[in-house]
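Hi,

Here is the structure I said I'd pass on. Have a look at it first, and then read my notes underneath.

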Amino acid sequence: MNVLVFDTEEQIGIAAGYYMCGQVLQKPDSVLGLATGSTPIKAYDHMIKLYRQGAVDFSQVTTFNLDEYCNLDIKDKNSYHSFMYENLFNNINIPDENINFLDGNAADVEQECKNYEKKIKQAGGIDIQLLGIGSNGHIAFNEPAESFQRWSHIVALKESTIKDNSRFFNSIEEVPTHALTMGIGSIMQAKRILIIALSEHKAKAVKQVIDGQVTPQCPASVLQFHPDVTLMLDKGAASLL
């Protein structure tokens with residue numbers, strides 16, 4: 001694992017933005033796996049900045065998002081669909097038809113998950129997957145469990161994850177209790193993985209990812225088996241290393 005520690009969140013955003021755009025410059029038709037939440041916002045800001053400067057062209061890029069809430073309208077400001085358009089897609093030139101989300105409102109969620117996996121394979125697989133990490137070690141919405149969930153699936157969110165995400169809603173009661181998510185196997189098939197972790201409350205999970213026991217109780221720990229992982233950490237997230 002390539003572990004990089006930065007002084008500020010702003011520095012991480014710049015470095016991560018360059019990292020993602022560097023992939024697109026090397027391969028204009030790259031397939032990007034994207035994440036939501038507060039962690040990647042600075043990275044997306046820098047990707048937008050580089051696009052506006054004319055340094056990178058996203059017109060051939062395809063994207064797949066990690067996850068989406070169930071039973072939440074995609075136009076709701078807290079849907080990950082809305083998040084991605086507000087924080088990235090409305091500001092760069094990826095064609096709408098190249099943007100892919102799991103449909104948390106699908107009538108048949110099992111078939112929706114199978115179709116999503118098929119789309120990823122048809123696109124040639126994910127070239128670089130951007131990840132955050134939960135305080136309990138979850139990646140995407142793969143929560144601590146008795147076994148690793150391999151492919152995209154529906155998941156009941158843990159209380160700690162609902163609490164973490166409640167800051168985006170008016171109340172904790174409004175946070176959806178289920179989501180569709182790429183599985184651990186889906187994520188592990190990405191050619192490269194970039195993890196951003198911020199603040200001390202992520203430090204325990206980060207330490208386990210780097211040198212802890214590989215266990216589904218800390219889903220991100222499985223990334224020890226991936227051949228190309230880069231972690232970008234602030235000093236808080238790196239405090240136990």
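Below is what I found, going from the cores to the strands, then a helix pair and a few single residues. One thing to keep in mind throughout: this is a predicted model.

**The cores**

The largest nonpolar core has 33 residues. If you want to find its middle, look at Leu131, Met182, Ile187, Ile193, Ile195 and Leu223, the residues with the most contacts inside it. At least two residues of this core come from each of helix H4 (109-122), helix H6 (184-188), strand E9 (192-197), helix H7 (203-211) and strand E10 (229-234). There is also a second, separate core of 32 residues, and Phe6, Met84, Phe101 and Met232 are among its members.

Two of the well-connected residues deserve a closer look. Ile193, leaving aside neighbours within four places in sequence, is in contact with Gln129, Leu131, Ile187, Leu223, His226, Asp228, Val229 and Thr230. Ile195 sits in strand E9 and is buried, because its relative accessible area of 2% falls under the 20% cut-off. Not counting residues up to four places away in sequence, Ile195 touches Leu131, Ile133, Leu223, Val229, Thr230, Leu231 and Met232. So both Ile193 and Ile195 have Leu131, Leu223, Val229 and Thr230 on their contact lists, and Ile195 also touches Met232, which is listed in the second core. Ile139 is 56 residues from Ile195 along the chain, yet their C-alpha atoms are separated by 9.5 Å.

**The strands around E6**

Which way do the side chains of E6 point? Ile128 and Leu130 go one way, Gln129 and Leu131 go the other, and all of them are buried. In a regular strand, side chains alternate between the two faces of the sheet. Strand E2 (residues 31-34) runs parallel to E6 and is joined to it by two bridges, with Leu32 standing opposite Ile128. E9 is also parallel to E6, joined by four bridges, and there Leu130 has Leu194 as its bridge partner.

**The three-stranded sheet**

There is also an open sheet of three strands, ordered E4-E8-E7, with antiparallel pairing. Strand E4 (67-69) and strand E7 (153-156) are at the edges with a single partner strand each, so one side of each has no neighbour in the sheet. On average, neighbouring strands here are turned by 25° against each other, direction ignored.

E7 and strand E8 (residues 178-181) pair over four bridges in the antiparallel sense. Across that pair, Val155 stands opposite Ala179 and Ala156 stands opposite His178. E7 has two unlike faces: His153 and Val155 are on the covered one, while Ile154 and Ala156 are on the uncovered one.

**Helices H2 and H3**

How do helix H2 (residues 41-52) and helix H3 (residues 80-87) lie against each other? Their axes come within 10 Å and cross at roughly 40°, which makes H2 oblique to H3. H2 brings Ile41, Tyr44 and Ile48 to the contact, and H3 brings Phe83, Met84 and Asn87. By class, that gives five nonpolar residues, one polar and no charged ones. Met84 links this back to the cores, as it also belongs to the second one.

**Loop residues to look at**

Lys202 is in the loop between E9 and H7. Is this lysine buried or exposed? With a relative accessible area of 10%, Lys202 is buried. Beyond residues up to four places away in sequence, Lys202 touches Thr39, Ile133, Gly134, Ser135 and Ala197.

Ser199 lies in that loop between E9 and H7 too. Its phi is near 85°, a positive value in a residue other than glycine. Ser199 counts as partly exposed, at 26% relative accessibility.

Ala140 also has a positive phi, near 50°, again in a residue other than glycine. Ala140 is placed in the loop between strand E6 (128-131) and E7, and it is buried, with a relative accessible area of 10%.

That's what I have for now.

Cheers

Definitions and conventions. Residues are numbered from 1 along each chain as its sequence is written. This is a predicted model: local features need pLDDT of at least 70, side-chain atom pairs count only at pLDDT 80 or more; totals for chains, interfaces and linings use all residues. Side-chain values use heavy atoms; hydrogens and water are left out. A nonpolar core is a set of buried Ala, Val, Leu, Ile, Met, Phe, Trp, Tyr and Cys residues joined through side-chain atoms within 4.5 Å. Buried means under 20% relative accessible area, exposed over 50%, partly exposed in between (1.4 Å probe, protein chains only). Contact means heavy atoms within 4.5 Å. Two strands pair if DSSP finds at least two bridges between them. Axes are lines fitted to C-alpha atoms, for helices over the stretch in contact, and angles run from 0 to 180 degrees between N-to-C directions. Angles under 35 degrees count as roughly parallel, over 145 as roughly antiparallel, 65 to 115 as roughly perpendicular and the rest as oblique. Ala, Val, Leu, Ile, Met, Phe, Trp, Tyr, Cys and Pro count as nonpolar, Asp, Glu, Lys and Arg as charged, and the others, Gly among them, as polar.
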